[in-house]
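Good morning, colleagues. I shall take you through one structure today, and I ask you to keep both the sequence and the model in view while I speak.

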Amino acid sequence: MSRLLLLSSIVVSGMTLSATVQAEDQHSFAELDRVSTPHLELDLTVNFAEKQLEGTATYNVSRHADADELVLDTSDLTIHKTELWLNDKWQETPFTLAEPHETLGQKLTIQVGDSSEKVRIHYETAPTASGLQWLTPEQTAGKKHPFMFSQSQPIHARSWIPIQDTPALRLTYDATIRTPDQLRAVMSADNALTAERSDAYELSMPQPIPPYLIAIAVGDLEVKSISDKVAVFAESYIIDDAAWEWADTPKMIEVTEAMYGPYRWDRYDLLVLPPSFPFGGMENPRLSFITPTVVSGDRSLINLIAHELAHSWSGNLVTNASWRDLWINEGFTSYVENRIMEAIFGKRRAQMELALGYQDLLGDLETLAPADTVMNIDLGTRHPDDVFSQIPYVKGQLFLVYLEEKFGRDVFDAFLRDYFDAFAFQSISTEQFKNYLQQNLLAQNPGVVSMEKVDEWIHGEGLPEDAPRPTSDAFEQVEKQMMVWLKGGQLQTTEWTTHEWLHFINNLPLDISAVNLARLDREYALTTSDNAEIAHAWLKLSIIKKYEPARERLRSYLLSIGRNKLVAPLYRELARTPDNLKWAREVYQEARSGYHPLTQSVNEAILYQEGDE
Ligand code: BES
Ligand code: ZN
């Protein structure tokens, strides 16, 4: 497994002790302390007919020890040939590809000798690559052209690039992407806004990033500017709506810079993916990838943009060194996201979003194995995708809210700003964060928060006794109204936003009568809501309550959306009764080819558990 020696110094009463902390990434075969790869050049041809990328990855080689082997991660790749740049020409060199590991893929070892500074790998991907989705023209909105995109986080970059696939590595990259000439290729790089359609695109990411942030999409993409720094890339059907929906993005950048220091990535563009994109958003640097399900027409779901933008500081600038440390990305980002929302939309809205997140966390705390409620989780070699939960997000966020409350906002903001500077363009472990926290916050303000308390948050199960328990006045009003409504009264919903609706639906008593459900639907047309989050909450309730009028909508929802957070809870609910399970499997079989590999594997585990078939 990848080993990285991290030197950190601890100052104890004037003495500096050097402690060597050994952080290990259990999810990569790379040996960064021996030979690492600070720069990548990709030359790839996008073959839609075969659903394959084919070409070369060329690395600059950096030797840190007396080592003559470069170890890379691969998954489902065919390696044709490996070469070294020696005496001004490419010369073939031997490689070995190990047997596949269940979750990690295949270790690729290349003989790099002791002098060559460049190694080149000729390879192709498999149509089943876990980090790519290939859509036929019929599966896109425009129906005329195919679409392809990557999702590399956490460990899928290795399914489309042979790479040292650990977030402890940072590398720059250049790419030549060869496409059919009616399509546009974009990457987490310096996308040109003016580029005419062409059969080859040259792209470059000059800042060192972890491998999971290398991203690509190819499709019939248009571009529309929101400001001189922000543009939207999308298929034409949605580009105007998306540009309207996200008009606040330039302002979000400004308020984040004011709080946490400069935005260091030049442009910030947004790419709308097809509805099968498995996540809400992905913070690919310079070009966040976003699900179309948040283009709701009322700007109610733009906390997702705040979230992906926030990663430009927490995650992309300061990066978790391994997937055990994911809270360093997602907890900080959820915290920063909420601060952006507060700065632009005020405390009331930010507090509702915090309270919604807290409710989700409580749900997870009830169902997760206690060991999986630890922020600095022990994953072993389990696939990080299988252990995805609200713990790194909301528990991580609450930890930072806790520190903010204890030290005061001014002190904590200054601390965070310095933290982003201190570790800019570095990958850090939980231990490194703790050392930094000890030196720069705890020791500076003695007697406020102890290291034992920090350890309880980071290494303990569940939530500490004195954790913040966010509530929202707005939601208390909703609950009061609900009581009146359940007794036959009227709801006053004219002022309600998506947040209030979500809280209302999620907290309806499970013994609600069929009559009341039908009344709700009649008055507020929830079955036909085109807000994807509201529809999700309602459809989930409709399964639990066997509310049949929503069945057809449930079917079309599952067939048209592949964002896993929106579909998996529905399949999970359906899997609870034999009749529903049978129905769900039929719908799934119809939907399957449109789902991303991640959505497929998660939902197949739900619908076809072992011994169940
Ligand atoms: N980086 C994550 C998505 C991710 C995390 C992919 C871990 C693979 C492994 C992204 O920033 C994210 O958190 N997206 C959320 C947004 C939400 C919390 C606002 C999503 O997709 O729902
Ligand atoms: Zn995130």
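Let me open with a question: which are the buried residues of helix 3? They are Leu304, Ile305, Ala306, His307, Glu308, Leu309 and Ala310. By "buried" I mean under 20% relative accessible area, with exposed being over 50% and partly exposed in between, using a 1.4 Å probe and protein chains only. Helices (H or I, at least four residues) and strands (E, at least two) are DSSP runs, numbered from the N terminus.

Before I continue, a word on conventions. This is a predicted model, in which local features need pLDDT of at least 70 and side-chain atom pairs count only at pLDDT 80 or more, while totals for chains, interfaces and linings use all residues. Residues are numbered from 1 along each chain as its sequence is written, chains are lettered from A and ligands numbered from 1 in the order in which they are written, and side-chain values use heavy atoms, with hydrogens and water left out.

To return to helix 3: because seven of its eight residues are buried, the helix is largely enclosed by the rest of the structure. The cover over these buried residues includes helix 2 (249–260), strand 19 (269–272), strand 20, strand 21 (287–290), helix 4 and helix 6 (391–407). Contact here means heavy atoms within 4.5 Å.

I turn now to the zinc ion, ligand 2. Which protein donors does the zinc ion have? They are His307 through NE2, His311 through NE2 and Glu330 through OE, at 2.0 to 2.1 Å from the ion. Donors are N, O and S atoms within 2.8 Å of the metal, or 3.2 Å for Na, K and Ca; water is not among the atoms, so sites may look incomplete. Along the chain, the donors follow the spacing H-x3-H-x18-E. Histidine 311 and glutamate 330 link distant parts of the chain, 19 residues apart: histidine 311 is in the loop between helix 3 (303–310) and strand 22 (318–320), and glutamate 330 is in helix 4 (residues 326–345). Histidine 311 and glutamate 330 are both buried.

Helix 4 also holds threonine 333. Threonine 333 counts as buried because its relative accessibility is 0%. Leaving aside residues up to four places away in sequence, threonine 333 touches His307, Ala310, His311 and Ser314.

Next, ligand 1. There are 16 residues around ligand 1, of which Gln153, Gly280, Glu283, Glu308 and Tyr393 come nearest. A residue is near a molecule or strand if one of its heavy atoms lies within 4 Å of it. Several polar contacts should be noted, a polar contact being a pair of N or O atoms within 3.5 Å; within protein, one must be able to donate a hydrogen and the other to accept it, and residues adjacent in sequence count only if both atoms are side-chain atoms. A polar backbone atom of glycine 280 is 2.6 Å from an oxygen atom of ligand 1. For glycine 281, a backbone N or O atom lies 3.2 Å from an oxygen atom of the ligand. Glutamate 330, already named as a zinc donor, has a side-chain N or O atom 3.0 Å from a nitrogen atom of ligand 1.

How much of the accessible area that ligand 1 has on its own does the protein cover? The protein covers 90% of 530 Å²; accessible areas come from the Shrake-Rupley method with a 1.4 Å probe, and for residues only the protein chains shown count as cover. Strand 20 (281–282) and helix 3 are the elements that give two or more residues to this shell. Helix 3 gives the largest share, three residues.

Gln153, which I named beside ligand 1, is joined to proline 154 by a cis peptide bond, with omega about -5°. Proline 154 is in the loop between strand 12 (147–150) and strand 13 (171–178).

I close with aspartate 25, in strand 2 (residues 15–25). Aspartate 25 is buried because its relative accessible area is 3%. A polar atom of its side chain lies 2.8 Å from the backbone nitrogen of histidine 27. The side chains of aspartate 25 and threonine 166 are joined by a polar contact of 2.6 Å.
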